[in-house]
Structure formats: structure tokens, C-alpha cells
Amino acid sequence: MTVRIVGATLRDLSYVAANLRPEDRAEIDCQLDQWSPALLALTALQGFAYVAELDGNPEAGFGAAEQRGGLWIAWSWGTRRMKRCVPGITRFFHGVLGPKVAARGAWRVEARALAGNELALRWLGRLGATRRCLLPGYGKNGEDFFLYDWTREGWNHVSVSKTTGTEAIAAGTDRAGQGCAGAGSRIAG
């Protein structure tokens, strides 16, 4: 099985959003009053947005978007086959996405995960995020979340000069390393 990371498109993200694994659907359902796969895909295209393909089929969307100067939100969601893409996404996160966000002047990158989403919680730890706190009642129906983050001090080992040219690793992305369209707001996941 071949995993390939490519720049996100509305079509690929819509497919992934329409076929979410139950854990990701639950996490999105309790954060948004109303959503559709197309709307979720469109909002995901802000900032840096990528898709992990498994044997040519889109199985996960992930990325990071700036919320205000220096504050970024990292997100990811996928299909039931996303687990097979996690090692490739993790390498891409460390080798490309993290350095690109740092090079853009990020002071802090946050991610939130539903307290019961064990896969997401373990993965955030493996990505080097720090669990900061429990967010009781963060979900629209009172669901608890955990807040994770990476701060500039935490990634000070990343050389910004080494980020030049890393876009080539992401086959199919434009020169900015982004997907093929932009959108307004961002959903954390």
C-alpha cells in the first residue's frame, strides 16, 4: 500500500468528509451545529491543506490554518482507512507542515480532540504536542475535549532555513504548499 501526500482539493476533501470514521464524525458533530461534507471540505482549504492518499484514494485530510497573527490551528480527519496513512502524515507533519508553519511566524499551534477519541489523543502525543488542559463542556452537547499545543519553544530545533524547498515533498501542491482553493473559517479537529 502506497501513501502519498498531495495538496488538498475540494473534491478529495469532500470525499473524505462524506466517509468519515465514526470517531471523527462524532468530534465534528459536537462542534458544529450544521455541517455537510462539502462545507467541511471548503472550510478545510484555508491555510495549508493536504490529503493523504492510500493507493490513489483520498483517505485523510489534514493541515493548519492561521487564526490570527502567530496563532494556528492544526486539524485532521479521515476515513476508516486513515490509520494506514498516519505514519506518512506524521513524517510529512515533521518534515514539511511543521517547518512551514514555523517559517510563517507561528508562536503557537493548537489542536483540540474529543476526550474519548483515543486514537487522536495518542497521535497528538506522538506528533510532539503538549496536552495543556481539559476543556469541560467544550462540545455543543457538553462533551469534554482536550487542548494540545506546540509552541515556538517546543519546535526551536526546526531550522527555518531548512524549510526552503520542502514544498517539493508534497506532490501536487501549488507553490504556497496549499490546496487548490481557499475558504473563510477553520474547523479544529
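**A walk through the sheet**

In this predicted model, seven strands (DSSP runs of E with at least two residues, numbered from the N terminus) form an open sheet of mixed pairing in the order E1-E2-E3-E4-E5-E7-E6, where two strands pair if DSSP finds at least two bridges between them. Strand E1 (3-7) and strand E6 (130-135) stand at the edges with a single partner strand each, so one side of each is left without a neighbour in the sheet. From one strand to the next, the twist averages 25°, with axes taken as lines fitted to C-alpha atoms, for helices over the stretch in contact, and angles running from 0 to 180 degrees between N-to-C directions.

Strand E7 (residues 145-151) runs antiparallel to E6 and is joined to E6 by five bridges; Cys133 has Leu147 as its bridge partner in E7, and Leu134 has Phe146. Seven bridges join E7 to E5, again antiparallel, and here Ala111 has Tyr148 as its bridge partner.

In a regular strand the side chains alternate between the two faces of the sheet. In E7 both faces are covered, since Phe145, Leu147, Asp149 and Thr151 on one side and Phe146, Tyr148 and Trp150 on the other are all buried, meaning under 20% relative accessible area with a 1.4 Å probe, protein chains only. Because seven of the seven residues of E7 are buried, this strand is largely enclosed by the rest of the structure.

Helix H2 (residues 22-29), where a helix is a DSSP run of H or I with at least four residues, lies across strand E4 (71-78), strand E5 (108-114) and E7, running at about 105° to E5; contact means heavy atoms within 4.5 Å.

Residues are numbered from 1 along each chain as its sequence is written, and side-chain values use heavy atoms, leaving out hydrogens and water. Local features need pLDDT of at least 70 and side-chain atom pairs count only at pLDDT 80 or more, while totals for chains, interfaces and linings use all residues.

Notes: Buried < 20%, exposed > 50% of the residue type's maximum accessible area, 1.4 Å probe, protein only.
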